[in-house]
Amino acid sequence: MRRSHHALKPSYAIICPKCAEPVLPHRMCTSCGTYRGKELRAEKVAA
Ligand SMILES: [Zn+2]
């Protein structure tokens with residue numbers, strides 16, 4: 001019982017609307033780079 005439980009992963013997740021992969025809430029989808037329907041990877045290429 002030495003705080004080994006602090007490393008537990010959250011048991012909840014949302015489903016990426018784009019690729020349907022389980023993603024942690026408030027996190028960019030690590031599979032397709034989309035967050036809440038927007039591709040953040042392309043954000044820096046904004047016109
Ligand atoms: Zn995705």
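**Exercise 1. Place P17 and decide its exposure.**

Step 1. P17 sits in the loop between β1 (14-15) and β2. This is a predicted model.

Step 2. Count the neighbours of P17: 12 other C-beta atoms lie within 10 Å. A residue is exposed at 12 or fewer. P17 is therefore exposed.

Step 3. Now look across the sequence. P17 and T34 are 17 residues apart along the chain, with 8.5 Å between their C-alpha atoms. P17 and C29 are 12 residues apart in sequence, and their C-alpha atoms are 9.6 Å apart.

**Exercise 2. Set out the secondary structure and state how far the model can be trusted.**

Step 1. Count the elements. The chain has 4 strands and 0 helices. Along the sequence the pattern reads β-β-β-β.

Step 2. Take the confidence of the chain. Its average pLDDT is 74, and 60% of the residues score at least 70.

Step 3. Rank the elements. β2 has the highest mean pLDDT, 86. Strand β4 (residues 38-39) has the lowest, 68.

Step 4. Apply the caution. Where pLDDT is low, predicted coordinates should not be read in detail.

**Exercise 3. Is C29 buried or exposed, and which residues does C29 contact?**

Step 1. Locate C29. Its place is the loop between β2 (22-23) and β3 (34-35).

Step 2. Count. C29 has 23 other C-beta atoms within 10 Å. The cut-off for buried is 20 or more, so C29 is buried. Buried residues make up 6% of the 47 residues in the chain.

Step 3. List the contacts, leaving aside neighbours within four places in sequence. C29 touches C16, K18, C19, E21, V23, T34 and Y35.

**Exercise 4. Treat V23 in the same way.**

Step 1. V23 is in strand β2.

Step 2. With 21 other C-beta atoms within 10 Å, V23 is buried.

Step 3. Set aside neighbours within four places in sequence. The contacts of V23 are then A13, I14, C16 and C29.

Step 4. Compare the two lists. C16 is a contact of C29, and C16 is also a contact of V23.

Step 5. Add a distance. V23 and T34 are 11 residues apart along the chain, and 10.0 Å separates their C-alpha atoms.

**Exercise 5. Classify M28 and relate M28 to C16.**

Step 1. M28 lies in the loop between β2 and β3.

Step 2. M28 has 17 C-beta neighbours inside 10 Å. That count falls between the exposed limit of 12 and the buried limit of 20, so M28 is partly exposed.

Step 3. M28 and C16 are 12 residues apart in sequence. Their C-alpha atoms are 9.1 Å apart in space.

**Exercise 6. Examine the backbone at A20 and H26.**

Step 1. Recall the expectation. Most residues other than glycine have a negative phi.

Step 2. Read the angles. Phi of A20 is near 65°, a positive value. Phi of H26 is near 60°, also positive. Neither A20 nor H26 is glycine.

Step 3. Place both residues. A20 is in the loop between β1 and β2. H26 is in the loop between β2 and β3.

Step 4. Check exposure. A20 has 11 C-beta neighbours inside 10 Å, so A20 counts as exposed. H26 has 8 other C-beta atoms within 10 Å and is therefore exposed.

Notes: Residues numbered from 1 in each chain as written. Predicted model: local features only at pLDDT ≥ 70, side-chain atom pairs only at ≥ 80, totals over all residues. Helix = DSSP H or I, 4+ residues; strand = E, 2+ residues; numbered from the N terminus. Contact = placed C-beta atoms within 7 Å. pLDDT = per-residue confidence, 0-100.
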